[in-house]
Amino acid sequence: MMRPVNARLDEHLPSDHRLSKVYRVGAGLTGLLLVAFGILGLIDRIGFFDTGGDTVLALNTNGALSVLSICIGLLLFVGMVIGGTFASTLNIVLGVLFIASGFVNLALLDTEMNFLAFHIPNVLFSFVVGVMLMWFGMYGRVGSALPHDNPYWRARHPEQAAREQRARTSGRPVGRPA
């Protein structure tokens, strides 16, 4: 019998839970990369909407993309500091947005609307960062083989989790009837 899933993306996960380390590290490393890219782009004093082909770290950039990269990097740092489910959800949402940005900017490559000065390496970078952020955010939250002590597994299987908890406290094996 199919039952609706009770878990939501914003369920509470204590910030000191071991899964939070994965979310924090993912947000922090990606944020550091984006802030570094943005600062290097601003140091070069590239025009804000210049599409002339200025590169930083092998990626095309302009002032607008540099500022946007710094803002998103700082947002990821906020997620790193807060940790827990917030960092996980932030990683997932920003990962999806990076992938969407890759597709949108791919469509805008040779048009006048390419105001972020994207080229193919930027599109590929956007896809890679998006997948990486989604992986960091989904780690331990989705999958068919989550351990039974995982808070997300327990939220999706409340009856079985309650049975296992009662069995642990009473000392009986989980599969045995009372």
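Biologist: Which helix gives the most residues to the lining of the largest pocket?
Modeller: In this predicted model, the largest pocket has a volume of about 380 Å³. The elements that give two or more residues to its lining are α1 (18–43), α2, α3 (84–107) and α4 (120–138). With six residues, the element that gives the most to this lining is α3.

Biologist: How many charged residues are in the lining of the largest pocket?
Modeller: The pocket of about 380 Å³ is lined by 23 residues, and those closest to its centre are Leu 65, Leu 68, Ser 101, Leu 116 and Phe 118. Sorted by class, the lining has 17 nonpolar and six polar residues, and the number of charged residues is none.

Biologist: How many helices and how many strands does the chain have?
Modeller: Read from the N terminus on, the elements follow the order α-β-β-α-α-α-α-α. In this chain of 178 residues, of which 39% are buried, the elements amount to six helices and two strands.

Biologist: How far apart are the end C-alpha atoms of helix α2, and why does that agree with its number of residues?
Modeller: Helix α2 covers residues 63–82, which is 20 residues, and at 1.5 Å a residue it should span 28 Å. The distance found between its end C-alpha atoms agrees with that expected span, since it comes to 29 Å.

Biologist: Which residue follows α2, and what is its phi?
Modeller: At the start of this helix, a side-chain oxygen of Asn 62 comes to within 3.2 Å of the backbone nitrogen of Ala 64. Ala 64 is itself one of the buried residues of α2, which also include Gly 63, Leu 65 and Ile 70. After the helix comes a residue with a positive phi, namely Gly 83, with a value near 70 degrees.

Biologist: What kind of aromatic pair do Phe 103 and Phe 127 form?
Modeller: A search of the whole structure finds two aromatic pairs. In the one formed by Phe 103 and Phe 127, the rings are 4.9 Å apart, centre to centre, with 55 degrees between the planes, and the pair is tilted. This pair links distant parts of the chain, 24 residues apart, with Phe 103 in helix α3 and Phe 127 in helix α4. An angle that is neither under 30 degrees nor over 60 is the reason why the pair counts as tilted.

Biologist: Is Phe 127 buried, partly exposed or exposed?
Modeller: Its partner Phe 103 has a relative accessible area of 53% and is therefore exposed, as the cut-off for that class is over 50%. For Phe 127 the relative accessibility is 21%, which makes this residue partly exposed.

Biologist: Why is the pair of Trp 135 and Phe 136 edge-to-face?
Modeller: Phe 136 counts as buried, because its relative accessibility is 14% and the class takes values under 20%. The ring centres of Trp 135 and Phe 136 lie 5.3 Å apart, and the pair is edge-to-face because the planes are at 65 degrees.

Biologist: How far apart in space are Val 104 and Val 123, C-alpha to C-alpha?
Modeller: Val 104 lies in helix α3 and is partly exposed, with a relative accessible area of 48%. Val 123 is 19 residues from Val 104 in sequence, and the C-alpha to C-alpha distance between the two is 9.0 Å.

Biologist: Which residue in the loop between α3 and α4 has a positive phi?
Modeller: The residue in question is other than glycine, and its phi is near 60 degrees. At 2% relative accessibility it counts as buried, and the residue with this place in the loop between α3 and α4 is Ala 117.

Methods:
Residues are numbered from 1 along each chain as its sequence is written. This is a predicted model: local features need pLDDT of at least 70, side-chain atom pairs count only at pLDDT 80 or more; totals for chains, interfaces and linings use all residues. Side-chain values use heavy atoms; hydrogens and water are left out. Helices (H or I, at least four residues) and strands (E, at least two) are DSSP runs, numbered from the N terminus. The expected span of a helix is 1.5 Å times one less than its number of residues. Buried means under 20% relative accessible area, exposed over 50%, partly exposed in between (1.4 Å probe, protein chains only). A polar contact is a pair of N or O atoms within 3.5 Å; within protein, one must be able to donate a hydrogen and the other to accept it, and residues adjacent in sequence count only if both atoms are side-chain atoms. On a 1 Å grid over the protein atoms alone, a cavity is a set of points where a 1.4 Å probe fits but cannot get out, and a pocket is an open set with protein on both sides within 12 Å along at least five of seven lines; lining residues have an atom within 4 Å of a point. Grid points are joined across faces, edges and corners, and a volume is the space filled by probe spheres set on the points. Ala, Val, Leu, Ile, Met, Phe, Trp, Tyr, Cys and Pro count as nonpolar, Asp, Glu, Lys and Arg as charged, and the others, Gly among them, as polar. Rings of Phe, Tyr and Trp (its six-membered ring) pair if their centres lie within 6.5 Å; planes under 30 degrees apart count as stacked, over 60 as edge-to-face and the rest as tilted.
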